[in-house]
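Hi,

Here is the structure I promised to pass on. Have a look at it first, and then read my notes below.

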Amino acid sequence: MMNKETFANRAIAMRQGQYRIAWSILQNEADCLDAMQEALAKAWAARASLRDEAYFSTWLVRILINECKTILRKKSRHVLVADPPQDGFTTDDAMPEIQRLVDDLPPILRLPFVLHHIEGYSIKETARMLSTTSSAVKNRVLRARNTLKAELGYATGKEARGL
Amino acid sequence: MKHNDLGGYAPIPDRVSQAYTRSALNLKEEPMRKRKVSMALVMAMLLILAAVTAVAAALLSGREFVQEVMQPKAQESLSAQWSETEVQELLRIAGENGLTLSESQQALLLARGGYDKEELMRLFVKLDLGQDPGTWSIEDQAWYGQMLMDIGLYAENHNTVPEEGEATEAQMLQVLQTYIHDRYDPDAPLTDETVYRQLALSWGVVPLIMKEQTSTDALFEASVNETQAASIVRDGDLVVITAGVPVGMSGTTNILKAHVVGDPA
């Protein structure tokens, strides 16, 4: 079983990636932090169930995704009012183009795309995190890529080959 | 394959990063208990602990378990197989003595419904004396063979301890070493890289040269370690190892082993 120091260090090293993954689902800073901290606590309490440390990162991400979905589910029960402005700066202004494009992807394509192309997890790891098959992940990642390409004005695979 | 141009997606804000780092560094070693533990309960637990420690001293080792529990049980029937109830009872007593078989061994046991008497006894003896019966001391090998003969599972025992006037183990070793030394050129190179180079040409084969090993167990362990070091396999991978006994002689391939990398042999 992992000791506290290793566990904390590995979790901290993954914070940027975790934030991106949480963001791709929740798109709200406070919720992202909630999800990350909740996932951290749950993972720590269940650390004995991680049999192979090699899978630490996929394991933690999976817990994180579940937490994000829980938050999303809870939020859907509340009636939404307009978000209060966050400390005087709006995310939209500072957001780079790519962020807006990725955030505009449909959720079902967004998460696989972020996991595979931005976080660099393999197709197989991504499939395990999302409890789906490799081919489903490949399909969604491709659709996400094609959507982005179209948005950016590039030709997609078929058109690029002149078909 | 990280796409650097996408690195700008959702950068983590400093305050989130700091808050998260603080939480990670403040993890408590033990998850919080909901109930408070009373002093009386603590005392009771200490007493139980003391009792358990006393019992632990009297627990049977794998070899003692075979000798004192399994052998008498085996002699109750003439069958070479344990019945299912016998297996259940033996596993229960073994568990009480802190002797457990690996998950794969247990699964095999339950799947078969019955079990070879000798095979199950050997599993428990191995817990004490090691995986390869060939590495047990000759006294242990003799005891084991004699026990199987007593039960009636073996007709004769080839593993005997040398008696008065017979060559000792050390003397036999000396004789064999001299024989091998005289018969074969001691300077002949043992690693011939020809095969290694030829294999490199075969599709799908990644040849590696490793140190010579003296026993099959060491060979299995070393081959898994070497392939792992070469990043060909990693923990949790299922691999098939093939080898030959006697080790170090070509043309004797006669072992096939399915193994999970990272599991003990």
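B:Lys73 is buried, at a relative accessible area of 15%; buried here means under 20%, exposed over 50% and partly exposed in between, with a 1.4 Å probe and protein chains only. Its side chain meets that of B:Glu76 in a salt bridge, 3.7 Å from N to O. I call it a salt bridge when a side-chain nitrogen of Lys or Arg is within 4 Å of a carboxyl oxygen of Asp or Glu. B:Glu76 itself counts as exposed, because its relative accessibility is 58%.

Before you read on: this is a predicted model, where local features need pLDDT of at least 70 and side-chain atom pairs count only at pLDDT 80 or more, while totals for chains, interfaces and linings use all residues. Residues are numbered from 1 along each chain as its sequence is written, chains are lettered from A and ligands numbered from 1 in the order in which they are written, and side-chain values use heavy atoms, with hydrogens and water left out.

B:Lys73 is also one of the buried residues of helix 3 of chain B, along with B:Phe65, B:Val66 and B:Val69, among others. (Helices are DSSP runs of H or I with at least four residues, strands are E runs of at least two, and both are numbered from the N terminus.) The buried residues of this helix pack against strand 1 (81-82), helix 4 (84-96), helix 6 (117-129) and helix 7 (138-151) of chain B.

Helix 3 isn't straight, by the way. It bends by about 25 degrees at B:Glu68, with B:Pro72 following within four residues; the bend is the angle between axes fitted to the seven residues ending there and the seven starting there. The helix (residues 62-74) spans only 16 Å between its end C-alpha atoms, whereas a straight helix of 13 residues would span 18 Å, taking 1.5 Å times one less than the number of residues.

Next door in my notes is helix 4 of chain B, where B:Glu96 and B:Arg92 sit four residues apart, about one turn of the helix. They form a salt bridge with the closest N and O atoms 2.9 Å apart. B:Glu96 is exposed at 51% relative accessibility, and B:Arg92 is partly exposed at 46%. Separately, salt bridges with shared partners tie B:Lys73, B:Glu76 and B:Glu89 into one network.

Now the interface. How many residues of chain A are in contact with chain B? There are 37, and they touch 28 residues of chain B, contact being heavy atoms within 4.5 Å. About 3100 Å² is buried between the two chains, 60% of it from carbon and sulfur atoms; that is the accessible area (1.4 Å probe) the two parts lose on being put together, summed over both.

Of salt bridges between chain A and chain B, the count is one. B:Arg15 pairs with A:Glu29, with 2.5 Å between the closest N and O atoms. On the chain A side, helix 2 gives the most to the surface that touches chain B, with seven residues. A:Glu29 counts as buried at 13% relative accessibility, while B:Arg15 is partly exposed at 39%.

One last spot: A:Met14, in the loop between helix 1 (4-13) and helix 2 (15-26) of chain A, counts as buried at 14% relative accessibility. Beyond its neighbours within four places in sequence, its contacts are A:Phe56, A:Ser57, A:Leu60, A:Val61 and A:Tyr121.

Cheers
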